[in-house]
Amino acid sequence: VIAIIGVLIALLLPAVQAARESARRVSCVNNFKQAALALHNYHDAHHAFPPGELYFHPSAPQNSPSGKLFYGFAWSAVVLPFVEQGRDLEDLTGIVVKNWGFDAGPYKNPRVGGRRISFYQCPSDPQDERIAIGSDPSYQNGATFNEQWWKGNIHGVCDSQSAWFPGYVFDTPVLHGDGMFMNRKAIRMRKVPDGTSKTLLLGEVTGGAPGSFSGRPWVTSCITSTAFGINGLGTIPGEGKYIRSAQDTFSSYHRGGAQFALVDGSVQFIGADIDQAVLTALCTRAGGETIPPTAF
């Protein structure tokens, strides 16, 4: 009897685990739909999608007008008022999150990143935790900055080559990407001649292992390039270890690929074995490439 029970448990356990993962995957799809809806609501109000980030660096190609280093909020923060989550953050910081001014950056208001935004978290990712955000003496009149912010699993699709300027620190986002999100540049929907149903808007990312405190926060630095495929090098699903670098890769713990939202608001699961040329074509908003019907 014990042997029979053991066999039944062995047979049922994979089915139970598969059912749980299926439910988590549906929840992840809903998260992407909510994020895409927030972006569409923002577009309706401002007639353009938000910039991927607002970032200035005195020595980078996009020099700061003030000559000082400045990190601004990412797209993921400024759309929160459009999903009825802006008020909570305003109460925490005393500022309006959609304000892109120099006095409204996340490092000036560190409690923003310490807030967990549930629909930016994938339920299949075991690293549901805060991550460490460096120590940089350039913030707040020379005071060192130490904080832990919540990691995010949803990034804006930036460019088909790189999300970061080569030769600079990897947190220096590009100004002129061929995707939908980049530094200080707002893209209108009519500037997507490739078609809103054939252009990627958002993609899924992972971070380090649980307890590693590594990854990218949801409040800033959440844009990624398609240049390195899906579940590629430097990701736990692809290589077995996470390396935060200029080559951050779209990745997920869903078997075989990752979730993506397109500009039209639909959500598609794209396999990790997708041809790189097709992934590049899906990334570009005005590349004129032909997307094969088997892309999804």
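Select D264 to begin: this residue is partly exposed, with a relative accessible area of 33%, where buried means under 20% relative accessible area, exposed over 50%, and partly exposed in between (1.4 Å probe, protein chains only). The model is a predicted one, in which local features need pLDDT of at least 70 and side-chain atom pairs count only at pLDDT 80 or more, while totals for chains, interfaces and linings use all residues. Residues are numbered from 1 along each chain as its sequence is written, and side-chain values use heavy atoms, with hydrogens and water left out.

D264 sits in the loop between β8 (257-262) and β9; helices (H or I, at least four residues) and strands (E, at least two) are DSSP runs, numbered from the N terminus. Add H40, T196 and S197 to the selection, since D264 touches these residues, not counting residues up to four places away in sequence, with contact taken as heavy atoms within 4.5 Å. The C-alpha atoms of D264 and T196 are separated by 4.9 Å, although the two residues are 68 residues apart along the chain.

Turn next to the two salt bridges that the structure holds, each defined by a side-chain nitrogen of Lys or Arg within 4 Å of a carboxyl oxygen of Asp or Glu. Side chains of opposite charge can pair when their charged atoms come close. Select K151 and D125, whose closest N and O atoms are 2.7 Å apart in one salt bridge. K151 lies in the loop between β4 (147-150) and β5 (154-157) and D125 in the loop between α3 and β3, so this pair ties together parts that are 26 residues apart in sequence. K151 counts as buried at 1% relative accessibility, and D125 counts as buried at 6%.

Then select D128 and R116, which form a salt bridge with their closest N and O atoms 2.9 Å apart. D128 and R116 are both found in the loop between α3 (86-93) and β3 (130-133), 12 residues apart. Here D128 is partly exposed, with a relative accessible area of 39%, and R116 is also partly exposed, at 34%.

Move on to helix α5 (residues 276-283), which is mostly covered, six of its eight residues being buried. Those to highlight are V278, L279, T280, A281, L282 and C283, and the buried residues of α5 pack against β5, β6 (200-204) and β9 (267-271). At the start of the helix, look for D275, a side-chain oxygen of which reaches to within 2.9 Å of the backbone nitrogen of A277.

From α5, step across to S160, which touches T280 and C283 among other residues, including D178, S225 and T226. S160 lies in the loop between β5 and β6 and counts as buried at 5% relative accessibility. The side chain of S160 makes a polar contact with the side chain of D178 (2.6 Å); a polar contact is a pair of N or O atoms within 3.5 Å, where, within protein, one must be able to donate a hydrogen and the other to accept it, and residues adjacent in sequence count only if both atoms are side-chain atoms.

Finish by selecting V205, T206, Y242, D248 and T249, which are the closest to the centre of the largest cavity among the 13 residues that line it.

Methods: On a 1 Å grid over the protein atoms alone, a cavity is a set of points where a 1.4 Å probe fits but cannot get out, and a pocket is an open set with protein on both sides within 12 Å along at least five of seven lines; lining residues have an atom within 4 Å of a point.
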